[in-house]
Every structure is written in C-alpha cells, then in structure tokens.
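Visitor: I am new to this structure and would like a close look at a single part. Please pick one strand and walk me slowly through its surroundings.

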Amino acid sequence: MTLPRRELAPAKLNLTLHVTGRRDDGYHLLDSLVVFLDVGDVVTVAPGPLSLRLTGPFAGALADDPQNLCLRAARMAGREAVITLEKNLPVASGIGGGSADAAAVLRALDARPPGTEMLGADVPVCLAGRPMRMQGLGEILTPLPPLPQLHVVLVNPLCGLSTPAVFAALDCRVNPPMPQVLPDFPDAATLIAFLTDCRNDLQPAAIRLLPVIADCLAALQDAGAALARMSGSGATCFGLFPDARTAEDARRAIAADHPDWWVAASGLAQDRGTL
C-alpha cells in the first residue's frame, strides 16, 4: 500500500427501507435496497501520526474529536495516518455520510478489520460500495446484479433530525419485508415500478417530526420525479428522473426556488475506488 491515497466516500441511498421488527434489545430489523451515488465526500490518507483535518462546505458541522468515525476506523485498523476529510455531504442526513467516510478510510488503508458494524450499522454496506439488499441490523448483505442507471436529484432542507427520535416515533414496528426473491430489473422503468410498490417506513414519522420533509418531497414531485422518497432516517429526500438532463433541470429549478436547501443531481456510482 502506497500513501497518500484518495478515496471517494459515495452517498448511500436507501431506495427502500422496510422496518420489519424490533429485537428485545430495542434494535430494529430492516429490509432495504441500497445503492451508491457518484456524489460524496472525499477522504485522503497520508503517512503520519493519527490526525484529522476537515475541509469542504460542511466541515463546520463536524467536530475534530476523537470519536469522529474516520479516527475510530483508523484506530480499529491499528493504523497511524494523517486523514483529510473533504465534507461535501450534509451531516446526519440519511445518506450514510459518516459511515461512508469510515469505510473510505478503511479502503484507503487497505484494511478490513472484524467488527466494522460497531462503527455503525451502515459501515459494512458502505465498505462493499455496491448495490445490496441489506437486512437484519445491517449485517445481512446480499449483493445485487448491476442495476440499470438511475438519475437522481437529492434534496436536503439543512435541518437536523435525530435517527433515534425517528425510530421512537414509528407507529408500527413490524411491517412486511420486500419480496423474498427480488425480480429482475432489465431497465430503469421496471426498477422504478418495483420501488413504487415499496416503502420507507421511517418517512411518515420523520415528516411528523420535521414537516419540511414533505415540502422536499412535493418539490421533487412538482419537478417531475417518477418517484420521490426519503432516504434512511432523513432528512435527505430523492427523486428519480428519466435521464440526466431532466434531473439537472429539476435540480436547477428546485435550487432556484429553495436557495436555503442543499440540492444535488447524481447517477449511480459505477465503480467506487481510489481517485
């Protein structure tokens, strides 16, 4: 392994998120179709004593403290390194930012230590960095064949939302999973039709806690999204569009109408890796 290395920490998108139960210890069971986007944070790892430098538009929302997931990932790997995190994604936004950053550090260090789920339930799937069906607490990962390209617009109102609070506000904690065997997705239209019949079970609770999420979804629908849904526990919402040009037009329109929101357009990541 030669340092320095730069790794994209791609945004993680929960195309579906079914809450299928809760264990006696309070942890919820999930069934989710997860993909990764070609927008994200960037992690650079260089030789030196363990340290973290924060840059990028959302650096101010993070604290350079010992519990930062990037530092915890390096310590778990037993490595010393100078880490620079270019924070391009909103913090605590339901698109896997911290987990993706930790996974990028581990990839840059060429390390796969056991117990990465202790860093966060999304870290194992972010380490994989490819389309997955994620079940259980996030530890049951089933790779999916390459999916048709989707054109995505992301909208975040830049308002904080606590993941534990969203789970606590759930009306029902035992909901149907996705089909046991997922169908084939020969094209984007087939995939979107399947997604339309699925859910994010956290979305209604999140809207009650943060009503502006409903405004984000409405903005995506008004801009012509074939499907608008919240990712993870929020507050980021996504819309699916037929092509890159339509998605970019929607991004511009929503950003013009809501200059105080974070809005980005993206496709699915075709290959994550060293930059």
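**A strand and its neighbours**

Guide: Let's start at Val153, whose bridge partner in β9 is Gly239. Now look to the other neighbour: in β10, Val153 has Ala265 as its bridge partner. This is a predicted model, with local features needing pLDDT of at least 70 and side-chain atom pairs 80 or more, while totals for chains, interfaces and linings use all residues. Residues count from 1 along each chain as its sequence is written, and side-chain values use heavy atoms, without hydrogens or water.

Our strand is β7, residues 151–156; strands here are DSSP runs of E of at least two residues, and helices runs of H or I of at least four, numbered from the N terminus. β7 runs antiparallel to β9, and five bridges join the two. With β10 the direction is again antiparallel, and here six bridges make the join. Two strands count as paired if DSSP finds at least two bridges between them.

Stepping back, you can see the open sheet of four strands that holds β7: the order is β8-β9-β7-β10, and the pairing is antiparallel. At the edges are β8 (227–230) and β10 (262–267), each pairing on one side only. From one strand to the next, the twist averages 20°.

Follow the sheet to β8, and you find four bridges pairing it with β9 (residues 237–241) in the antiparallel sense. There, Met230 stands opposite Cys237 of β9. Helix α7 (residues 212–222) packs on the sheet and touches β7, β8 and β9; contact means heavy atoms within 4.5 Å. The direction of α7 makes about 10° with that of β9, on a scale of 0 to 180 degrees between N-to-C directions of axes fitted to C-alpha atoms, for helices over the stretch in contact.

A second helix joins the picture. Helix α8 (residues 244–257) lies across β7, β9 and β10, and runs at about 15° to β7. So β7 appears among the strands touched by α7 and among those that α8 lies across.

Finally, how covered is our strand? Six of the six residues of β7 are buried, that is, under 20% relative accessible area with a 1.4 Å probe and protein chains only. On one side of β7, the buried residues are His151, Val153 and Val155. On the other side, Val152, Leu154 and Asn156 are buried too, and both faces of the strand are covered. Our starting point, Val153, therefore belongs to a covered face, with Gly239 as its partner in β9 and Ala265 in β10.

Methods: Buried < 20%, exposed > 50% of the residue type's maximum accessible area, 1.4 Å probe, protein only.
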